[in-house]
Amino acid sequence: MEIMETDALIKRTVGHNVNMPSTRQTSYQSMNGPEGSLQTSTSENSTEIIKTFPRSHSSDDEMIDITGTGTTTESNLSRSQGERFLFTNPQYYRPSDVFTYISPSDRECIERDRLTAGSEMDDLSPGIGQYDDFHTIDWQRDIARDRMRHRYIVKKRTESICDLIRGTHDAWSGWLCVLLVGVAAGAVAGVIDIGTQWMKDLKDGVCPQAFWLNREQCCWSSNDTLYEDYYCAQWYTWPELLGYFRKDAWSFIISYILYVLWSLIFAGLAVLLVRTFAPYACGSGIPEIKTILSGFIIRGYLGKWTLVIKSVGMILAVASGLSLGKEGPLVHVACCIGNIFSYLFPKYGKNEAKKREILSAASAAGVSVAFGAPIGGVLFSLEEVSYYFPLKTLWRSFFCALVAAFILRSINPFGNDHLVMFYVEYTRNWLFVELVPFIILGILGGLVGTIFIKGNIRWCSYRKQSQLGKYPITEVLVIACITAIISFPNTYTRMNTSDLIKLLFSQCGVADVSLLCDYNRNFTNVNSRIEIAEAGPGVHKSLGLLTLALIFKLCITIFTFGIKVPTGLFIPSLVMGAIMGRMVGIGMEQLAYHYPHLWVFQGACSTGENCLSPGLYAMVGAAACLGGVTRMTVSLVVIMFELTGSVKYIVPLMAAVMASKWVGDAFGRRGIYDAHINLNGYPFLDSKEEYTYTALATDIMTPRRNEGPLCVITQDSMTVDSIENVLKSTDHNGFPVVVSQESQYLVGFVLRKDLTLALGNAKKTQEGVVGESYVLFTSHLPQPVSGPTAVKLRKILDMAPITITDQTPVETVIDMFCKLGLRQVLVIHNGRLLGIITKKDVLRHIKQLGNEDPESVLFN
């Protein structure tokens with residue numbers, strides 16, 4: 001058996017924690033003695049059984065001692081009783097040469113040491129066990145630490161009342177944390193919704209009676225039965241406030257100029273706040289959230305300043321009229337809240353793997369408050385952003401989304417007693433023939449999504465490589481100015497995007513005065529087809545304006561997504577799809593009106609009932625376009641029927657979303673978020689992907705063939721100065737620890753940060769530590785020395801790193817990285833270290849096989 005595997009077997013049998021060894025822990029040691037002899041050294045608590053080798057071999061290969069535990073003697077060593085530790089090396093001796101027996105009483109001591117090992121974390125230097133910025137976490141290591149801590153708490157619960165209370169608090173701390181996150185996320189979302197609604201109306205005018213009211217709230221007190229373009233007598237436009245009450249060209253020009261000025265002011269404030277106080281507050285945040293939840297560290301991305309600036313900047317950016325939404329950034333805001341609250345509970349704040357359980361629940365709450373869709377939020381977290389989603393995280397995500405939705409409903413930011421943003425009430429069922437236009441909308445949504453993804457990625461790549469990236473404020477102001485100038489003349493681009501979606505989703509009633517509802521209705525005959533009457537000139541004009549709006553929205557959103565302000569993508573995608581759907585719906589409606597007796601319409605349009613609804617097509621088109629951009633499926637369908645309150649249209653939504661995904665995947669499998677992850681070089685391995693490669697581990701490991709040797713640290717022959725030279729001359733995240741440079745037998749793995757902190761702490765706290773002091777990763781000195789005080793760093797050594805052989809298929813290696821959450825694996829052959837494979841090596845290999853630039857992977 002290989003040395004590495006034997007050590008892991010010993011630790012698994014004895015039960016010691018690999019990161020926090022106790023006084024009974026097993027160690028490797030070179031000893032002198034006659035060949036093949038067994039030496040026993042009995043002390044008060046243990047017996048050492050030592051296998052020794054002749055001096056003709058190098059000292060590194062003269063292993064080794066196995067320190068048994070308990071009070072055993074040579075008479076106890078029988079092959080027929082107890083558990084045995086087999087230490088085998090086929091070069092020197094047989095598997096049956098060395099064994100030791102552990103008595104039942106010793107087993108109790110071992111278990112006690114294993115449980116108390118959780119408290120030994122406090123003995124380590126501050127910062128050990130944590131991760132550096134822009135580094136990948138080790139899921140297995142963090143989960144093992146949490147399990148050890150949990151066992152220690154459970155063991156202590158029976159000792160005192162205080163320990164019982166502490167254990168109970170630890171058991172409920174996860175639920176308490178997600179409760180606080182849900183409450184805070186709902187409250188923050190309510191404030192953002194109210195502030196956004198007020199500031200976006202500020203570009204058009206103000207309510208003199210109460211300036212803090214938005215236009216809709218101001219008009220609630222109006223006695224007008226009808227008001228055109230959402231204006232009423234109580235609401236004053238800016239020309240009216242300036243004393244100009246006539247509706248002529250000058251009034252239009254004044255409104256035009258002030259609209260552009262307000263847009264520039266809001267956009268300028270947003271980018272200045274982001275640029276000055278929180279650079280991480282820009283963008284959607286979902287690509288980075290996905291990467292963070294996969295185990296990547298980005299310090300400050302979920303901090304308090306990012307939370308504040310993202311919230312304020314989101315209000316300003318949406319109010320400026322830029323083609324963006326606040327729904328994606330709300331997920332980032334909720335995760336910021338989750339990160340902040342997690343530090344109130346050390347169980348999550350000090351363990352990066354456990355913290356991601358809270359962040360997964362927070363992302364569900366973010367979608368819940370963004371769309372009023374708590375179930376869709378849970379599914380969004382599961383399908384789109386979360387990397388590790390155990391069953392308890394599912395329950396807590398559901399609870400967090402529920403609490404957030406309840407708080408938002410209590411605030412009632414929309415003032416309509418509805419939690420959903422675009423509540424609709426369609427009164428009819430859909431016809432079977434309508435599946436054809438629904439699928440066509442899905443195809444169109446996939447095409448629009450593909451055009452948007454490719455165009456936006458090319459523009460963002462150009463921004464990164466050119467001088468444009470050095471002038472983010474100028475870019476934001478230019479895009480805001482162009483957006484405002486082009487948007488104002490068109491009614492459908494001037495109005496707020498959320499209001500436009502609400503208008504496109506709505507049905508036309510008798511009292512509607514908008515252009516979309518300009519039908520030649522017959523009010524004299526109750527049996528006439530008034531609900532599907534012939535389209536008037538207003539409808540035809542609307543079709544032209546909507547076509548221009550679709551082209552403009554698609555083009556301007558390509559340049560807007562990715563600028564240095566909070567930019568969401570859900571609402572722009574929904575509005576593009578809703579425009580397509582409304583136009584297709586109007587076409588189907590007029591076809592049914594002019595040919596009501598066609599068999600495909602099943603006679604449903606021959607009466608006064610509304611047989612076709614263009615608003616339904618708008619809803620299906622919105623889902624199709626959003627699916628084409630993000631490649632979501634199940635969660636998107638649930639979000640859409642929660643968003644509109646229309647549960648009976650699940651089948652049309654499913655058909656359109658699946659068609660959209662198939663078409664989009666035909667032109668590229670990456671959605672917009674995965675494309676931005678790839679563009680930014682984040683180390684993200686999608687656990688839902690299937691990888692089929694024929695290479696072996698030796699083909700992708702470091703070092704490659706014909707390259708220099710791997711940088712390693714020996715267990716007992718390097719000094720403080722030599723290790724510090726290694727740290728200065730390399731930038732590796734960790735170092736394998738071997739027996740010697742000659743043998744390269746693997747002992748364990750030590751992280752760079754832990755090694756740096758431990759050496760610095762030893763210099764400060766231990767007397768006699770100098771540059772010539774030996775650094776030991778063993779329990780004992782290799783031989784009596786009279787030199788400077790040695791530095792023992794066995795506690796920071798991971799003696800059970802994940803290892804593979806050089807003949808392991810790359811497909812298996814990728815599965816290990818995806819499903820175990822590894823940051824590196826060590827490649828061995830017959831116990832000797834050959835190389836190391838990091839996540840960066842895997843990603844570069846995948847890119848190389850995909851004819852992409854492997855150097856685009858920037859982080860490990």
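Two residues are taken to be in contact when heavy atoms of each lie within 4.5 Å. This criterion underlies the packing relations described below for a predicted model of a protein of 860 residues.

Helix α22 spans residues 634–644, and 10 of its 11 residues are buried, leaving the helix mostly covered. The buried positions are S635, L636, V637, V638, I639, M640, F641, E642, L643 and T644. These residues pack against six helical segments, namely α12 (352–371), α13 (374–385), α18 (497–505), α20 (570–594), α21 (614–630) and α23 (650–667). After α22 comes G645, which has a positive phi near 75°.

Helix α18, one of the elements that α22 packs against, is likewise mostly covered, with 8 of its 9 residues buried. T497, S498, D499, L500, I501, L503, L504 and F505 make up this buried set. The buried residues of α18 pack in turn against α4 (161–201), α17 (491–494), α19 (537–560), α20, α21 and α22. Helices α20 and α21 therefore appear among the packing partners of α18 under the contact criterion of heavy atoms within 4.5 Å, and both are also listed for α22.

At the level of the whole protein, the secondary structure consists of 29 helices and 16 strands. Buried residues make up 57% of the 860 residues. Among contacts with a separation of 6 or more, 72% link residues 24 or more positions apart. The exposed area of the protein is about 36500 Å², of which carbon and sulfur atoms supply 59%.

In soluble globular proteins, nonpolar side chains tend to be buried together. In the present model, the largest nonpolar core comprises 160 residues, and F505, M640 and I837 have the most contacts inside it. F505 belongs to the buried set of α18, and M640 to that of α22. Leaving aside residues up to four places away in sequence, I837 touches A697, I700, M701, I804, V813, F817, Q824, V825, V827 and V842. Another core, of 25 residues, lies apart from the largest one and includes I713, V747, A762 and M799.

I837 falls within β16, a strand that takes part in an open sheet of the C-terminal portion of the numbering. The sheet has 3 strands in the order β14-β15-β16, and its pairing is mixed. Its edge strands, β14 (803–805) and β16 (832–838), each pair on one side only. From one strand to the next, the twist averages 35°. Strands β14 and β15 (residues 824–829) run parallel and are joined by 3 bridges. Within this pairing, I804 stands opposite V827, and T805 is placed opposite I828. Of the 6 residues of β15, 5 are buried, so the strand is largely enclosed by the rest of the structure. Both I804 and V827 are among the residues touched by I837.

A further open sheet of 3 strands follows the order β9-β12-β13, again with mixed pairing. Here β9 and β13 are the edge strands, each pairing on one side only. Strands β9 and β12 run antiparallel and are joined by 2 bridges, with M718 opposite V775 of β12.

Strands β9, β12 and β13 also contribute to the cover of helix α26. In this helix (residues 720–729), V720, I723, E724, V726 and L727 are buried. Viewed down the axis of α26, the buried residues fall within an arc of 155°, so they line one face of the helix. The face turned away from the buried side carries the exposed residues K728 and S729. The elements covering the buried residues of α26 include β8 (713–714), β9 (718–719), β10 (734–738), α27 (752–765), β12 (774–776) and β13 (791–792).

Strand β10, one of the elements that cover α26, pairs with β11 in the antiparallel sense over 5 bridges. In this pairing, P736 stands opposite F749 of β11. Strand β11 (residues 746–751) is mostly covered, with 6 of its 6 residues buried. V747, a member of the core of 25 residues, lies within the residue range of β11.

Notes: Residues numbered from 1 in each chain as written. Predicted model: local features only at pLDDT ≥ 70, side-chain atom pairs only at ≥ 80, totals over all residues. Heavy atoms only, no water. Helix = DSSP H or I, 4+ residues; strand = E, 2+ residues; numbered from the N terminus. Buried < 20%, exposed > 50% of the residue type's maximum accessible area, 1.4 Å probe, protein only. Areas by Shrake-Rupley, 256 points an atom, 1.4 Å probe, with all protein chains shown as cover. Pairing = 2+ DSSP bridges. Axes fitted to C-alpha atoms, helices over the stretch in contact; angles between N-to-C directions. Arc of directions from axis to C-beta. Core = buried A, V, L, I, M, F, W, Y, C linked by side-chain atoms within 4.5 Å.
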